[in-house]
Amino acid sequence: MWLSSLKSLVDSTLFRLILQQGFALFAGFRCYIERYEEEILVSNRANMWIRIRFLNGYLLELNEAIVVEAGCIRRLGYRYHFQDKQNNLIFRYDNTPHFPALNNFPHHKHLPDEIVAIEEPSLLKIIDEAKLLAQQAMH
């Protein structure tokens, strides 16, 4: 029973939405889902990974660790990485606690030449930012 409950919650996450609605989220973009993986660790905890490859070689990798508490999904950890076709970092958002002096610790964004403090990002914002940058690179 607990496994089916966790599975149904995982199925309702944005990761699943990306799989089911990928064409709508990425309308007008030439890209494909290169990898999707779910790992249920215990009755209320799972990890999810998705790699979206743009046909210009850019890569958006989305990773989340989630826990279900009182029927709600809470994000424990995240890493949203975007790179160009030469594997150079464009951005990476994460909440790894290695920059305690930043405002909004542990949330931060890696850029090619700096680390900046950020508010906890939404997955849809990350997708929009990656699409915009990928589109700019195609022109």
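Five aromatic pairs turn up in this structure, which is a predicted model. A pair of aromatic rings is described by the distance of the centres and the angle of the planes. Take F54 and F82: their ring centres sit 6.1 Å apart and the planes meet at 80°, so this pair counts as edge-to-face. The two partners come from separate strands, F54 from β2 (residues 45-54) and F82 from β4 (residues 72-83), so the contact ties together parts that are 28 residues apart in sequence. Both F54 and F82 are buried.

Y78 and Y80 make another aromatic pair, and here the geometry is stacked, with 5.2 Å from centre to centre and 20° between the planes. That angle falls in the stacked class because the cut-off for stacking is under 30 degrees. As for exposure, Y78 has a relative accessible area of 4% and Y80 one of 0%, so both tyrosines are buried, given that the label applies under 20%.

Zooming out from single pairs, F54 and F82 also belong to one aromatic cluster, together with Y58, F91 and Y93.

Then there are the charged side chains sitting over rings. Which ring face does R75 lie over? It is that of Y78, with R75 at 4.7 Å from the ring centre; Y78 is thus a ring that pairs with Y80 and also has R75 over its face. On the cluster side, K109 lies over the face of F91, at 5.5 Å from the ring centre, and F91 is one of the cluster members.

Terms used: Residues numbered from 1 in each chain as written. Predicted model: local features only at pLDDT ≥ 70, side-chain atom pairs only at ≥ 80, totals over all residues. Heavy atoms only, no water. Phe/Tyr/Trp six-rings, centres within 6.5 Å; stacked < 30°, edge-to-face > 60°. Helix = DSSP H or I, 4+ residues; strand = E, 2+ residues; numbered from the N terminus. Buried < 20%, exposed > 50% of the residue type's maximum accessible area, 1.4 Å probe, protein only. Lys NZ or Arg CZ within 6 Å of the ring centre and 35° of its normal.
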